[in-house]
Amino acid sequence: MSVRENAGGLAPSHVRQVRHMRHLTRLLGSEIGLTFRRPRNLAMLGVLAVVPVLVGVAVRVASDGDAGGSIIGQIAGNGLMLTFAAFVVMMPIVLPLTVAVVAGDAIAGEAAQGTLRYLLAAPAGRTRLLLVKYANVVVFCLAACALVALSALVAGLVLFPVGPVTLLSGTTIPAADALLRVGVVVLYAAAGMAALGAVALAVSTLTEAPIGAVATSVVLVVVSQVLSAIPQVAAVRPVLLTSWWGAFDGALRAPVAFDEMGQGLLAFAAYVLIFGSIAWSRFTSKDITA
Amino acid sequence: MAKRARAVRWGVPVAAVAVVAAAVGTGPVIAAVRGDQALPDRTAEQLLADVARTWQSGRMPPMSGTIVETASLGLPSLPGLTGLSGGPGPSAASAASLLSGSHQLKIWYAGEDRFRLMLPGEMSETDVVADGDTVWLWDSAANKATRLTAPAAPGGGHSGGPGGGHSGGPEGGFPLRPGPASPYATPEQAARQALKAAGSDTAISVGDDVTVAGRAAYQIVLTPTSADSLIKDVRVALDGEKLMPLRVQVYTKGAAEPAFEVGFESLSFTAPAPENFSFTPPAGAKVEQETATPPVGHRPEAVAEAHDRGSVVGSGWDSVLVTSLPEAPVRDVPAQQQDGKGPDGLDVAALLDGLKGAATPVSGQWGSGRLLRTKVVSILITDDGRLLAGAVTPEALYRAAGVKG
């Protein structure tokens, strides 16, 4: 669609919308570029890529044939299992930590550096800026989870034999199907991390100290994991974000436990809705002094 | 920014919380409204007769669903129990861990000899897959597949298990009920047991219709007439159309929430996919052969029953199990310690030690001992080495203790 057609055929409000959209995508592009060029974030991504390799090497060194039936033990027999094992190892704390750093820093970091004012001087508006910031967090979550899977896949291929995968249900599926299920796990894990990203973003709008926002988000993760480990307060388990993260193992059952994973996705959506709206209310009504 | 505008903005998250809370809360309400198809009135007798007829025909409809078992028996935390409850794999599914908390079981049922039961765990799974004469027990945590063959002498040699002798009934669908998965009772088994226990000492009535797993259901209420019983009533929900038990709840006196509940959380009466019933041991798994042994049972008294030297005093709801305590716990020799474990992996000695520790000293004309009260069961350990247990008040236990004292 050319610019002339645009001007001739559409109402001026549409033209403005198109311009806003373009502005938005440009803003998002620059945000993503900044995120993935920051040395700190690159270091974190490096750690995410190294952990699965470490797990693989450790199993390779330690295993002497039959290492038992646990998910870690199965890696020795099939390199593809390393992908699932990597998520088992990293979902509880390593992945959430990186997401909390990026999302917790999103608003508070700009405020601390004094750059938030300049961002808001652009005609994007606060709501749009917040949306761009959150979209950037979601992209980071996806990238982080995909990186873990990719690194684990490569390490698994190099270190171990690869073949048909045995699911938790005892069913054996071809390696190609297993790759598909890896994709499902990546998407589910990214959705779970994106929900945490919304929480961290909300915390980030409440403070001007980025380290405070990051620490608060991590503490929330740890506290809810401790809570879900205490049998006496089992009743709160369904409400906690962390208790839904583990449901990615539904992708390893036959038939795939779509009902549990669907419930998990609903829980993530509820978290995004609530904490996204908190972030919006706070960010659009607060006085930007820095 | 004006104060009012700010207040309005903060209304948005409040609204978001309200929306989520409403979405969580209204799910059951919508199901209840949809399931409220005004079942035709039936008296308790009609209902029981229809149920009996349905069960005698022995055909449970093909279905798949999720069963949730919830128990809050008010047991003290006992070392023998808590040691087991956390672990992954089969131990998590052991009888002991079912005594507290909530547990999930998935079922695919195509016929008496074609079904699959699945206990999901965190990154693990225990399955029972039956297809004709082939029954597999799969334990992913141990990477072990066990092929079970029926014992040579058929005919339900269940020692006090539910539905013994009902060969050919729907019970026949679970004749083997093997291994770690056996502690689970399906709603149907529990209902059968409750109806069997209902003798002259039970008032049977029809309660308000309820909705279970989105289906309209009749409710039969069994109320013990005896004053000694700790149990207020047992409520059995029967599907309005198929008359299949959907839920069994046990209410104790003075508690608003059921002490024990097993029922469907979701249920669909469509034939399950055939691949659910085909099981081939995966490459690299340990494969074993085993002859199924009759299950010991899945009640709290199972521990005592394991040392089968007991007798039952009284009848029906007031039954009191009287047994002598096992010999002084042997713990020094590892092999014997293995023997000390019950069939469900319970460390009986540790459990008894825990029981004694949690119990309060009592004495009376019958003698003296220690009493443990829970919501459902009273347990009396006398100083002369007897153990009495039953779903009755302590006074009834004292009477039973006095008879033999």
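Q: Is Cys141(A) buried or exposed in this predicted model?
A: Buried means under 20% relative accessible area. Cys141(A) has a relative accessible area of 0%, so Cys141(A) is buried.

Q: Where is the nearest cysteine sulfur to that of Cys141(A), and what does the distance say about a disulfide?
A: A disulfide is a covalent bond between the sulfur atoms of two cysteines. To count as one here, the two sulfur atoms must lie within 2.5 Å. For Cys141(A), the nearest cysteine sulfur is that of Cys145(A), 6.7 Å away, so the pair does not meet the cut-off. Cys145(A) is likewise in no disulfide, and Cys145(A) is buried, with a relative accessible area of 0%.

Q: How many disulfides does the structure hold over all chains?
A: The count is zero.

Q: Which residues form the positive surface patch?
A: Lys and Arg count as positive. Here the patch is formed by Arg16(A), Arg19(A), Arg22(A) and Arg26(A). Arg16(A) sits in helix 2, residues 12-37 of chain A.

Q: Why does Arg16(A) count as exposed?
A: Exposed means over 50% relative accessible area. Arg16(A) counts as exposed because its relative accessibility is 51%.

Q: Which residues make the nonpolar surface patch?
A: Residues in a patch have over 30% relative accessible area. In this structure, Ile93(A), Val219(A), Val222(A), Val223(A), Val226(A), Leu227(A), Ile230(A) and Val236(A) make a nonpolar patch of about 560 Å².

Q: Where is Val236(A) placed?
A: Val236(A) lies in the loop between helix 10 (210-229) and helix 11 (242-245) of chain A. With a relative accessible area of 35%, Val236(A) is partly exposed.

Notes: Residues are numbered from 1 along each chain as its sequence is written. Chains are lettered from A and ligands numbered from 1 in the order in which they are written. This is a predicted model: local features need pLDDT of at least 70, side-chain atom pairs count only at pLDDT 80 or more; totals for chains, interfaces and linings use all residues. Side-chain values use heavy atoms; hydrogens and water are left out. Patches are made of residues with over 30% relative accessible area and no salt bridge: like charges are joined within 9 Å, nonpolar side chains (Val, Leu, Ile, Met, Phe, Trp, Tyr) within 5 Å. Accessible areas come from the Shrake-Rupley method with a 1.4 Å probe; for residues, only the protein chains shown count as cover. A salt bridge is a side-chain nitrogen of Lys or Arg within 4 Å of a carboxyl oxygen of Asp or Glu. Helices (H or I, at least four residues) and strands (E, at least two) are DSSP runs, numbered from the N terminus. Buried means under 20% relative accessible area, exposed over 50%, partly exposed in between (1.4 Å probe, protein chains only). The place of a charge is taken as NZ of Lys, CZ of Arg, CG of Asp or CD of Glu.
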